Amino acid sequence: MKTKSYYSVSNDLDFVHKEYPTLDFDRNPLIPFAHSNEGPSTAVADINGDGLDDLFICGGKKQASKLYLQESAGSFKAYQTNLFEENAINEDIDQVFADIENDGDLDLIVVSGGNEFTNGKPLQPRLYRNNKGKFSKENAFPEIEVNASKIDTVDFDNDGDLDLFIASNAVPTQFGVKAKQYLLENDGSGNFKEPNTSFASELHDYGNIKDFVWKDIDGNGFVDLVAGGHWTPITIFLNDGKQLSALKNNGLNKTHGWWNALEVADMDNDGDLDILAGNWGLNSKFSASTEKPVTLYINDFDGNGSIETIVTHYHGERETAFASKNELAKQIPLLNKKFLFYKDFAKASLEELFGENKLAEASKRKVYMLGTSYFENDGNNNFTKRQLPQLVQSSTVNDIYLVKNNKEKINEILMVGNNFEISTQLGRLDASHGFLLQNDEYGNISWKQHLGISGAARKIEKITIDGNEEFIITMNNGAPVFLSKKQNDK
């Protein structure tokens with residue numbers, strides 16, 4: 001029979017993402033992974049109205065992002081390079097093309113992060129207005145500085161124009177601390193401000209967000225927010241037009257994880273919206289459950305005026321510090337005096353190491369789930385976790401793309417991942433070569449093939465090149481990979 005498989009195709013895009021070695025572990029040797037290697041992302045749109053897909057791709061710190069126009073033969077040419085060179089210092093993380101002023105042109109908004117800048121212009125979002133295919137930069141967000149993880153448009157107030165949501169998954173250099181999220185209302189002319197504080201008060205108290213999706217979950221005509229990130233549960237914020245309110249007791253309350261990617265769609269074709277969520281995976285020394293979570297304690301444990309971040313996990317029945325004695329002693333030198341020998345350190349309880357009162361007073365963040373997951377909606381917005389093929393747990397899943405067949409039903413799922421900038425105790429999470437999963441249209445998901453992608457993959461976008469449908473996979477510290485389909489006899 002005839003089947004279709006994905007394969008890599010060559011492309012003359014002259015872009016290689018460049019990432020500087022992370023400084024995260026020098027600043028804080030106690031963390032399990034870095035936040036300074038998040039990019040690149042990419043966005044696809046026809047920006048000049050010639051009927052061809054163009055693309056924007058994020059650069060790393062000290063590397064300008066690039067905008068490419070597609071030419072008739074399927075090649076790409078860099079466009080307005082000097083405009084983006086002005087902000088080459090930024091570590092650009094994400095972007096969105098959108099007609100923010102309803103003039104028929106797609107404008108571009110870019111957000112930056114990278115965990116290396118604590119304030120200033122490298123953390124300010126940038127607006128590039130499009131005037132008949134020519135972009136110009138405006139200082140549209142002078143009061144916003146955000147270590148961003150994602151940006152997207154949404155008409156949350158149903159007034160006919162596109163608003164913005166900018167998510168953040170981390171406060172720069174402050175591992176695990178809750179970040180501020182920015183929901184920005186459009187005045188209709190492409191000028192943005194935050195709505196009244198009561199509209200999104202629960203969202204602002206939520207924590208960290210790595211990915212989000214706006215969909216009308218409850219069918220009331222207003223789009224709702226589904227969000228997830230590090231140390232946070234997957235949460236649905238219902239929108240009634242007056243307020244975003246977190247949906248409680250829906251099966252997602254104990255889903256705190258290190259979530260990287262979300263897709264919200266009707267996976268089983270029963271008329272409601274289900275959730276696919278990419279997580280850390282199950283292929284490291286970490287495991288997590290409701291009874292035995294991974295826990296982050298944030299406090300000044302040695303009283304020297306500096307905050308320490310202690311990550312713990314369970315070894316058997318015992319909660320133990322993730323960091324080694326040497327790593328802990330760099331931050332808390334007193335431990336070398338209290339526990340001169342490694343055997344004494346190994347026998348000590350958390351309370352003996354860090355002090356019962358200090359642990360009790362610490363800010364605490366939890367992870368109860370590390371597996372990439374599929375949550376099925378029962379029709380009443382109650383969600384049940386369903387099984388996914390075990391191979392998807394071999395590494396992080398950083399992005400998910402849902403492919404529809406000619407009946408407009410989801411029949412394939414693309415997943416990409418890997419993370420190299422993690423603690424040497426864990427080793428690199430590099431077992432993913434990209435996954436293709438098959439959905440039987442009833443939510444039964446099975447393994448289909450590896451995609452043959454090596455490296456730390458970040459994002460997937462569909463793009464039409466010279467009339468052929470392809471997928472661009474962006475790679476951290478590498479060149480993007482392009483995938484297409486070919487038909488085989490089987």
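This briefing describes the fold, surface and selected local features of one protein chain. The model is predicted. Its secondary structure comprises eight helices and 34 strands. The radius of gyration is 23 Å, close to the 23 Å that the globule rule gives for 490 residues, so the chain is as compact as a globular protein of that length.

**Overall dimensions and packing**

- The C-alpha trace spans about 70 × 55 × 45 Å along its principal axes.
- Buried residues make up 57% of the 490 in the protein chain.
- Among contacts with a separation of 6 or more, 57% are between residues 24 or more positions apart.

**Surface and charge**

- The protein chain has an accessible surface of about 20500 Å², and carbon and sulfur atoms account for 45% of that area.
- There are 49 positive and 73 negative charges in the protein chain, and the mean positions of the two sets lie 7 Å apart.

**The β23–β24 hairpin**

- Strand β23 (residues 308–315) pairs with β24 in the antiparallel sense, over four bridges.
- Two residues separate β23 from β24 in this hairpin, and Gly316 in the turn has a positive phi of about 70°.
- Tyr314 has Glu319 of β24 as its bridge partner.
- The side chains of strand β24 (residues 318–321) alternate between two faces.
- Glu319 and Ala321 point to one face of β24 and are buried, whereas Arg318 and Thr320 point to the other face and are not buried.
- Glu319 thus appears both as the bridge partner of Tyr314 and as one of the buried residues of β24.

**The four-stranded open sheet**

- Four strands form an open sheet in the order β10-β11-β12-β13, with antiparallel pairing.
- Its edge strands are β10 (148–154) and β13 (192–193), each of which pairs on one side only.
- The pairing of β13 with strand β12 (residues 182–186) is antiparallel and runs over two bridges.
- Within this pairing, Glu185 has Lys193 of β13 as its bridge partner.
- In general, the strands of a sheet pair through backbone hydrogen bonds, in either a parallel or an antiparallel sense.

**The environment of His35**

- His35 is located in the loop between α1 (24–27) and β2 (42–45).
- The relative accessible area of His35 is 8%, which is under the 20% cut-off, so His35 counts as buried.
- Apart from neighbours within four places in sequence, His35 is in contact with Asp24, Gly114, Asn115, Asn169, Ala170, Phe175 and His230.

How values were computed: Residues are numbered from 1 along each chain as its sequence is written. This is a predicted model: local features need pLDDT of at least 70, side-chain atom pairs count only at pLDDT 80 or more; totals for chains, interfaces and linings use all residues. Side-chain values use heavy atoms; hydrogens and water are left out. The radius of gyration is taken over C-alpha atoms; the globule rule is 2.2 Å times the number of residues to the power 0.38. Buried means under 20% relative accessible area, exposed over 50%, partly exposed in between (1.4 Å probe, protein chains only). Contact means heavy atoms within 4.5 Å. Accessible areas come from the Shrake-Rupley method with a 1.4 Å probe; for residues, only the protein chains shown count as cover. Lys and Arg count as positive and Asp and Glu as negative; His and the chain ends are not counted. The place of a charge is taken as NZ of Lys, CZ of Arg, CG of Asp or CD of Glu. Two strands pair if DSSP finds at least two bridges between them.
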